[in-house]
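Here is a short briefing to read alongside the model. Take a look at the fold first, and then we can go through it together.

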Amino acid sequence: MYQKSQQYITVSEALKKMEHYCAYQERCHKDVTDKLGTMKLIPEAKEKIIAHLIEDNFLNEERFAKSFARGKFRIKKWGKQRIVRELKFRQISEYNIKTALKEISETEYLEVFHELAEKKFDTILISDLYKKRKKLIDYLLYRGWENQLVFDKAKELIPQ
């Protein structure tokens, strides 16, 4: 039985890796801290690397939040509540969350919501209207759309 040798990494190698990691895709501080945690570095080296990434604009929390909000809304069609929940999970500040939500225009937001709801409604192939309504509501709430929007749309599509 052999013992796996621990692989140590120098600060400059770690810095180069983290620059590439941040340049490849927008990252938040939590992502970078987690990634650095997998490297065998002393805490001072980790702090030095994070400071360097911030100074050289590889790491920018506001830019990350804006990009995240735009991407999740346009690509995954998430509502604002889900975006906020995910940003909070990534320890983004309230200020940056508010700034990020401004990236989504209200008219586009409502257009996407109505389009998504109607598309989903058409794909639910259940004859029982109560079950169909519940499935639609559950789907839209899971995606993070506001309760009032969801319930109003459900009433519109399936009148009681």
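What pattern does the chain follow, read along the sequence? The chain runs α-α-α-α-α-α-α-α-α, with nine helices and zero strands; helices (H or I, at least four residues) and strands (E, at least two) are DSSP runs, numbered from the N terminus. This is a predicted model, in which local features need pLDDT of at least 70, side-chain atom pairs count only at pLDDT 80 or more, and totals for chains, interfaces and linings use all residues. Residues are numbered from 1 along each chain as its sequence is written, and side-chain values use heavy atoms, leaving out hydrogens and water.

**Overall shape**
- The radius of gyration of the chain is 22 Å, whereas a compact globule of 160 residues would have one near 15 Å (taken over C-alpha atoms; the globule rule is 2.2 Å times the number of residues to the power 0.38).
- Along its principal axes, the C-alpha trace spans about 65 × 45 × 20 Å.

**Nonpolar cores**
- The largest nonpolar core (buried Ala, Val, Leu, Ile, Met, Phe, Trp, Tyr and Cys residues joined through side-chain atoms within 4.5 Å; buried means under 20% relative accessible area, 1.4 Å probe, protein chains only) has 29 residues.
- Phe73, Ile83, Leu87, Ile92, Leu140 and Trp145 touch the most other members of this core.
- Helices H4, H5, H6, H7, H8 and H9 each give two or more residues to this core, and H7 gives the most, with six.
- Apart from this core lies another, of 14 residues, including Tyr21 and Leu41.

**Contacts of one core residue**
- Beyond its neighbours within four places in sequence, Ile92 is in contact (heavy atoms within 4.5 Å) with Cys28, Glu61, Phe64, Ala65, Leu87 and Ile97.

Technical notes. Buried < 20%, exposed > 50% of the residue type's maximum accessible area, 1.4 Å probe, protein only.
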